[in-house]
Number of protein chains: 2
Amino acid sequence: MMTPELIVKTLKELDLKVTPQRVVILKTIADNKNHPTAEEIHKAVIKNQPNIAVGTVYNILETFVNNGIVEKISSKGDKMRYDLVSETHHHLVSKNSNLIQDYYDDELTGLIGRYLNKNTIPGFKVSGFKLNISGEFNKSGKN
Amino acid sequence: MMTPELIVKTLKELDLKVTPQRVVILKTIADNKNHPTAEEIHKAVIKNQPNIAVGTVYNILETFVNNGIVEKISSKGDKMRYDLVSETHHHLVSKNSNLIQDYYDDELTGLIGRYLNKNTIPGFKVSGFKLNISGEFNKSGKN
DNA sequence: GTCACTGCAAACCCTTTGCAACTCA
DNA sequence: TGAGTTGCAAAGGGTTTGCAGTGAC
């Protein structure tokens, strides 16, 4: 849950003009843990900004991606999905559906991070990592 | 490097008809370590099968994906790329280009695998994983 | 001979782009 | 005010689809 104040602060720090469209879109991504598609974002945003154009949604998302606060992810060649950039976390990817769930595990992150620090990869400078864990969600309760 | 015999064997085991188009496409993916796009595959295949249609390339790739011998990957929302499913390996993803390189590291794979075996994830049954390591390739020699 | 597969081209749909109108700073 | 942003609609481009012809078994 991201407060409007924090969103405005984030945008200002990036020298991005604070428009209602940007605020609503960023809030939508921040509050939606399900990695929405551009279409889903547009549908959600239209409730607050009835005249917002799909193209605008894409433009704003692209701006966020370029400024490093949002990242594009994709599952199985479907449309792109958008994820708030935050602390290192991983993804649980369903083999049966298009569901992608965040998976936070500091111990696992630390384990991998320490390994990559000790064992350098020739010709490659590591700046980050993300583990995609594929499998199946149990029927009862996806959370 | 995959022998034609092995390719034929692979297709037969999956009850897929052995057509020249399928053989050539599978061989192209197997021999190309650079995760080709459908377009790149089409260009490569046309040398052997001058009349192959782009749609056919997509159809065959989709068949391979559905049969679990090829997987789709994507970098930064570009066109999809195709990767032979083989032993667990990881990806080095360039932040500056669209390059995705395979990264084999049994020690790292074992480390993560053992961790996921010990520490089960509530509500999720793990069947595999892949680590995406982002960073930059050095100018001199990408290999 | 049969049924799955291929070739072809049009359709699809997600995403990008150009431009006039608008608005945040 | 004016540089940057939005709305709109059309264009773009990768991928999918329908169907007639072909080929693997």
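Analyst: Start with a term. A polar contact is a pair of N or O atoms within 3.5 Å; within protein, one atom must be able to donate a hydrogen and the other to accept it. The model here is predicted. Across the interface of chain A and chain B, twelve residue pairs are in polar contact, both residues at pLDDT 80 or more.

User: Which elements supply at least two residues of the side of chain A that touches chain B?

Analyst: They are β3 (90–94), α5 (106–118) and β5 (124–137) of chain A. The largest share comes from β5(A), with 14 residues. By type, that side has 16 nonpolar, ten polar and eight charged residues.

User: How many salt bridges are counted between chain A and chain B?

Analyst: Zero. The rule asks for a side-chain nitrogen of Lys or Arg within 4 Å of a carboxyl oxygen of Asp or Glu. No pair between the chains is counted under it.

User: What makes β5(A) and β5 of chain B a strand pair?

Analyst: Pairing needs at least two bridges. Here 13 bridges join β5(A) to β5 (residues 124–137) of chain B, so the two count as paired. They run antiparallel. One example is A:Phe137, whose bridge partner is B:Phe124.

User: How much area do chain A and chain B bury between them?

Analyst: About 2900 Å², with 60% of it on carbon and sulfur atoms. In chain A, the residues that lose the most area to chain B are A:Tyr115, A:Gly123 and A:Phe124. Together they make up 21% of what that side buries. The contact takes 34 residues from each of chain A and chain B.

User: Why is the link between A:Lys79 and DNA strand C called a polar contact?

Analyst: A phosphate oxygen of DNA strand C is 3.4 Å from an N or O atom in the A:Lys79 side chain. The cut-off is 3.5 Å, so the pair qualifies. Two backbones also take part: a polar backbone atom of A:Met80 is 3.1 Å from a phosphate oxygen, and one of B:Asn51 is 3.0 Å from a phosphate oxygen. Elements giving two or more residues to this surface are α4 (54–66) of chain A, plus α2 (20–31) and α4 (54–66) of chain B. The largest share, three residues, comes from α4(A).

User: Which residues come nearest to DNA strand C?

Analyst: Of 18 residues around the strand, A:Tyr58, B:Thr19, B:Gln21, B:Arg22 and B:Asn51 do. The surface divides into seven nonpolar, six polar and five charged residues.

User: What parts of DNA strand C lie within 4 Å of the protein?

Analyst: Of those atoms, 82% belong to sugar or phosphate, and the rest to bases.

Terms used
Residues numbered from 1 in each chain as written. Chains lettered and ligands numbered in written order. Predicted model: local features only at pLDDT ≥ 70, side-chain atom pairs only at ≥ 80, totals over all residues. Heavy atoms only, no water. Near = heavy atom within 4 Å. Helix = DSSP H or I, 4+ residues; strand = E, 2+ residues; numbered from the N terminus. Nonpolar A, V, L, I, M, F, W, Y, C, P; charged D, E, K, R; others polar. Contact = heavy atoms within 4.5 Å. Buried area = accessible area lost by both parts, 1.4 Å probe.
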